[in-house]
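Reader: I'm new to this one. Could you show it to me and then let me quiz you on the labels?

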Amino acid sequence: MALQWKRAFSLVLGNAAGQGLDLSEFHCKFQTHRPDTQTPGWLTVRIYNLREGTRLQIQQEFTNVFLQAGYQENIGLIFAGKIRQKRAGRESPTDTYLEILAQDGDTAYNFAVVNKTLAAGWKSRDVVASIVEAMAPFDVVEGYTPAFADYANPRGKVLFGMARDTMRDLADTTGASWCINEGKLTVTPLGAPQPGQAFVLSAMTGLIGLPTQTIDGINVRCLLNPNIKFGGQIVLDNASIQEAQLSVAYQAINQFPGKDDDGFYKVYSVQHTGDTRGNPWYTDLVTVAVDGTKPLSGPFVNAVASSTGS
């Protein structure tokens with residue numbers, strides 16, 4: 001396991017000419033968010049005390065942002081995308097900042113259009129290829145996609161409309177979720193994680209506090225780890241998970257995600273938060289049991305319902 005000490009950070013801005021500006025030595029605060037949904041991921045990064053000339057150059061020229069973070073033995077890309085807003089301000093009488101808001105894949109999401117006819121015998125794989133083709137002009141390539149059922153449809157199919165709508169329909173019919181991550185169209189089965197390493201999280205490997213069961217999933221915080229990706233999986237000690245409490249007033253919706261018998265959890269949302277001159281350096285996760293363990297239910301829930309007269 002790589003040692004988690006001596007933080008590492010890299011922030012590079014790019015322009016249309018392919019030139020880069022390295023801002024890694026400046027004081028920066030950042031937050032990235034990548035949910036496992038079709039909604040584009042986003043980044044906010046605040047850069048402190050730039051020279052006026054540098055600030056103006058960034059606001060006038062640069063359109064792309066690439067952020068890497070982690071530790072010296074484990075640094076990786078946690079965001080790459082297009083800049084959507086550059087906002088200058090002052091945090092105190094002595095500290096100015098330039099705040100950048102960026103999104104990942106939002107141009108393809110908002111503007112890519114599919115206009116194609118698939119001949120009889122088409123398969124789900126052909127629909128994905130058509131969507132990737134439509135998104136290619138917006139710098140999106142194909143990422144991980146599962147092995148779809150090899151079923152040849154007997155009739156032709158017309159694909160016309162927003163690429164995101166076509167992808168949503170395909171995901172719904174194949175039992176998957178999708179998003180654009182780091183410029184790649186990625187599709188993940190709902191009932192399984194993407195292939196790859198399952199990261200064991202414990203107090204010895206960066207786990208902070210205790211995992212907590214909520215209505216959305218098992219919430220986990222650890223030291224910033226760029227290798228943990230949405231759609232991947234982690235391993236937890238089930239005994240460390242703090243179980244949620246039922247609400248007597250709202251027992252009808254108290255269906256909490258359960259625990260995986262072997263401690264394997266699929267990552268549904270990843271948020272990285274950091275301050276290069278401060279304490280925050282975290283990865284926050286929302287996870288769900290890989291084995292599909294049923295939500296909390298049974299005699300106790302029924303007893304609560306009976307006691308409230310439901």
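Author: Here is a set of questions and answers about the labels used for this structure, which is a predicted model.

Reader: Let's start with Asp-36. Why is Asp-36 called buried?

Author: Buried means under 20% relative accessible area. Asp-36 has 6% relative accessibility, so Asp-36 counts as buried. You'll find Asp-36 in the loop between strand S3 (28-35) and strand S4 (41-48).

Reader: Which residues is Asp-36 in contact with, leaving aside its neighbours within four places in sequence?

Author: Ser-177, Phe-230, Lys-266 and Tyr-268. Take Tyr-268: this residue is 232 residues away from Asp-36 along the chain, yet their C-alpha atoms are separated by 5.1 Å.

Reader: Now the charged pairs. What makes Arg-87 and Glu-99 a salt bridge?

Author: In general, side chains of opposite charge can pair when their charged atoms come close. The cut-off for a salt bridge is an N-to-O distance within 4 Å. The closest N and O atoms of Arg-87 and Glu-99 are 2.5 Å apart, so the pair passes. Arg-87 is in strand S6 (residues 74-90) and Glu-99 in strand S7 (residues 96-104), so the bridge ties together parts that are twelve residues apart in sequence.

Reader: Are those two partners buried or partly exposed?

Author: One of each. Glu-99 has a relative accessible area of 19%, and the limit for buried is under 20%, so Glu-99 is buried. Arg-87 has 32%, which puts Arg-87 between the 20% and 50% limits, so Arg-87 is partly exposed.

Reader: How do you know that Glu-142 and Arg-125 form a salt bridge?

Author: Their N to O distance is 2.7 Å, and the rule asks for within 4 Å, so this pair counts too. Glu-142 lies in strand S9 (residues 141-142) and Arg-125 in helix H3 (residues 124-135), so the bridge connects parts that are 17 residues apart in sequence.

Reader: And Glu-243 with Lys-259: why is Glu-243 called exposed?

Author: Exposed means over 50%, and Glu-243 has a relative accessible area of 59%, so the label fits. Its salt-bridge partner Lys-259 has 22% relative accessibility, so Lys-259 counts as partly exposed. The closest N and O atoms of this pair are 3.0 Å apart.

Reader: How many salt bridges does the count come to?

Author: Twelve. Salt bridges that share partners also join Arg-46, Arg-87, Glu-91 and Glu-99 into one network.

Reader: Last one: which residues make the nonpolar surface patch of about 330 Å²?

Author: Val-113, Val-158 and Phe-160. Val-113, placed in strand S8 (residues 113-118), has a relative accessible area of 43%, so Val-113 is over the 30% that a patch residue needs.

Notes:
Residues numbered from 1 in each chain as written. Predicted model: local features only at pLDDT ≥ 70, side-chain atom pairs only at ≥ 80, totals over all residues. Heavy atoms only, no water. Helix = DSSP H or I, 4+ residues; strand = E, 2+ residues; numbered from the N terminus. Buried < 20%, exposed > 50% of the residue type's maximum accessible area, 1.4 Å probe, protein only. Contact = heavy atoms within 4.5 Å. Patch = residues over 30% accessible without salt bridge, like charges linked within 9 Å, V, L, I, M, F, W, Y side chains within 5 Å. Areas by Shrake-Rupley, 256 points an atom, 1.4 Å probe, with all protein chains shown as cover. Salt bridge = Lys/Arg side-chain N within 4 Å of Asp/Glu carboxyl O.
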